[in-house]
2 protein chains.
Amino acid sequence: MNNITDIHYGPLPADSPYVKPFRFHYTQNGKQKSWDLLKVHDSVSIVIFNVTRKKLVFVKQFRPAVYHGIISGDGVEPGSIDMKKYPPELAVTMELCAGIIDKPISTIEIAREEVLEECGYDIPVERIEEIIRYRSGVGTSGAEQTLFYAEVTDEDKIASAGGGVDDEIIDVVEYDLEEARKLTDKGTVITSPPSFLFGLLWFLTNRAPKN
Amino acid sequence: MNNITDIHYGPLPADSPYVKPFRFHYTQNGKQKSWDLLKVHDSVSIVIFNVTRKKLVFVKQFRPAVYHGIISGDGVEPGSIDMKKYPPELAVTMELCAGIIDKPISTIEIAREEVLEECGYDIPVERIEEIIRYRSGVGTSGAEQTLFYAEVTDEDKIASAGGGVDDEIIDVVEYDLEEARKLTDKGTVITSPPSFLFGLLWFLTNRAPKN
């Protein structure tokens, strides 16, 4: 996954299909205000529990935005990145299986596709349970994310599937309950989004086997 | 809070101090790739529990990015917003007390200031506990967010403080434990970020009084 080289960056082209920045203007209690924001896609994420082996199924991938967040937090300029000091592994995240809603099918169908494409489990929508909807960001983007839960078995696994489609390079990893619980302990520093932490703790609270 | 009128939006100026979009280029396993992303500030958020009254302390505010997410999700054009159909109340979020790291003081000092400025409780940093660090976004921004926990009392409250500073308009709300727990139930649709849901469930799991 991590053979990553030749990192550089430049201005955002005006026709980016993924990031559409705006300045939003409004008047609140008579005072004119503005807020800079961007449009991103709504999305889904799925907590997957393999009941055959009592393991949670997560995904790991290199995330350019996290790499940029790390180096820019240290004040590194785009043209002078020391790849020894900042190896790409720093920006490999652990996440729930997830995907953006970029086609006209139902949200749960998008979830079903992502479970298959990213993690290789082929299950019908009837086995996917909608849990909670929230806003994936509130400061700069206000897209909706729907959290799902699915139980899978080893029999649902398609040997040739998983790891992403097109250019995606995604590693599937499994955690037992005790390992997973530790990720929510005080003192954790994790390269994961808060939706991962919430989905994990929601599962541990509401669905995990009790022994 | 919600006397909001005259909503419109336009292109992002190149000198926005809040949203800095880029196109990030890299080579992974020999294949050239790019990813559109933006730089946002690192931030803090604080779970606040008022032990005098056994209430969790949250904040509510109008969030332009959420408003934009709602109307653009429905395909509404910027110049023709029906404010009756889309009242600003739709985009009033419930969040943890939080703030961006935009000055050269320690992360916990930023947290202390936000607890005072947004919620009106004046407590020393010694009473603020760091819990977990994670990445507040992984798809389009990779900023770090640090979650803190603080217990406050009615005696810590400064009558004249809270509600935000400068142009901020922030309502402070209190939830008892049972009301708060319901927000994490299956079926919830909430105008809150996942960091709110995680912080809340972390508190309920690890710090809430047992009866």
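**Briefing: a predicted two-chain model**

In chain B, strand β2 (residues 20-28) pairs with β3(B) in the antiparallel sense over nine bridges. Strands pair if DSSP finds at least two bridges between them. The model is predicted: local features need pLDDT of at least 70, side-chain atom pairs count only at pLDDT 80 or more, and totals for chains, interfaces and linings use all residues. Residues are numbered from 1 along each chain as its sequence is written, and chains are lettered from A in the order in which they are written.

**Sheet**
- The open sheet has three strands, ordered β1(A)-β2(B)-β3(B), with antiparallel pairing. Strands (E, at least two residues) and helices (H or I, at least four residues) are DSSP runs, numbered from the N terminus.
- Its edge strands are β1 (4-11) of chain A and β3 (31-39) of chain B, each pairing on one side only.
- From one strand to the next, the twist averages 25 degrees. Axes are lines fitted to C-alpha atoms, for helices over the stretch in contact, and angles run from 0 to 180 degrees between N-to-C directions.
- Tyr26(B) has Lys33(B) as its bridge partner in β3(B).

**Helix on the sheet**
- Helix α1 (residues 64-73) of chain A lies across β1 of chain A together with β2 and β3 of chain B. Its angle to β3(B) is about 60 degrees. Contact means heavy atoms within 4.5 Å.

**Symmetry and interface**
- A turn of 180 degrees and a shift of 0.0 Å along the axis lay chain A on chain B with an RMSD of 0.0 Å. The two copies are thus related as by a two-fold rotation axis.
- The C-alpha of Phe198(A) is the nearest to the axis in chain A, 2.2 Å from it. Superposition is by least squares on the C-alpha atoms of residues with pLDDT of at least 70 in both copies.
- The copies meet through the same surface, because 100% of the interface residues of chain A are also interface residues in chain B.

Key:
Side-chain values use heavy atoms; hydrogens and water are left out.
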